[in-house]
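This report looks at how one protein chain is folded, beginning with its sheet and moving on to its core. Please keep the sequence and the structure in view while reading.

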Amino acid sequence: MLPADLAAEGEGDSLLEICTDGGLPVPFGCTVGKCGVCRIELIEGELQEPSRFEQAVLDGFGCESGVRLACQARTAGDVTIQPLGGARRNPSST
Ligand code: FES
């Protein structure tokens, strides 16, 4: 778990871009929504609704509600997140 006092600011970029630009250690791989390494849990706040593509990827990984892909998610205000990190095989991919 990351220290609770880490913060970054940004607008219009993906959550991953905001975190990496702000020096927050969110794991990532492909940056295009395929590998699932950048999965985060939304602890507090709001993110924009997932795109159909992001939702399909999340469904493929069997992610629970509240889990998002940082490289695809865009903020809708202040958020608190917990990176889940680590490679995880998407059972729907070949
Ligand atoms: S970095 Fe691969 S899905 Fe986000």
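## The sheet

In this predicted model, three strands form an open sheet in the order β2-β1-β3, and their pairing is antiparallel. Because β2 (67-69) and β3 (75-83) each have a single partner strand, they stand at the edges of the sheet, and one side of each is left without a neighbour there. From one strand to the next, the twist averages 55°.

As a general point, the strands of a sheet pair through backbone hydrogen bonds, and this pairing may be parallel or antiparallel. Here, β1, which covers residues 39-47, pairs with β2 in the antiparallel sense over 3 bridges. Glutamate 41, for example, has valine 67 in β2 as its bridge partner.

## The order of elements

The protein has 2 helices and 3 strands, and a reader who follows the sequence meets them in the pattern α-β-α-β-β. Among contacts between residues at least 6 apart in sequence, 67% join residues that are at least 24 apart.

## The core

Of the 94 residues of the protein, 27% count as buried. The largest nonpolar core has 17 residues, and those with the most contacts inside it include Leu15, Leu16, Val26, Phe28 and Cys38. Two elements, α1 (15-21) and α2 (52-60), give two or more residues to this core, and the largest share, 4 residues, comes from α1.

Which residues is leucine 16 in contact with, leaving aside its neighbours within four places in sequence? They are Val26, Phe28, Thr31, Cys38, Ala70 and Cys71.

Methods
Residues are numbered from 1 along each chain as its sequence is written. This is a predicted model: local features need pLDDT of at least 70, side-chain atom pairs count only at pLDDT 80 or more; totals for chains, interfaces and linings use all residues. Two strands pair if DSSP finds at least two bridges between them. Axes are lines fitted to C-alpha atoms, for helices over the stretch in contact, and angles run from 0 to 180 degrees between N-to-C directions. A nonpolar core is a set of buried Ala, Val, Leu, Ile, Met, Phe, Trp, Tyr and Cys residues joined through C-beta atoms within 7 Å. A residue is buried if 20 or more other C-beta atoms lie within 10 Å of its own, exposed if 12 or fewer, and partly exposed in between; C-beta atoms are placed from the backbone. Two residues are in contact if their C-beta atoms, placed from the backbone, lie within 7 Å.
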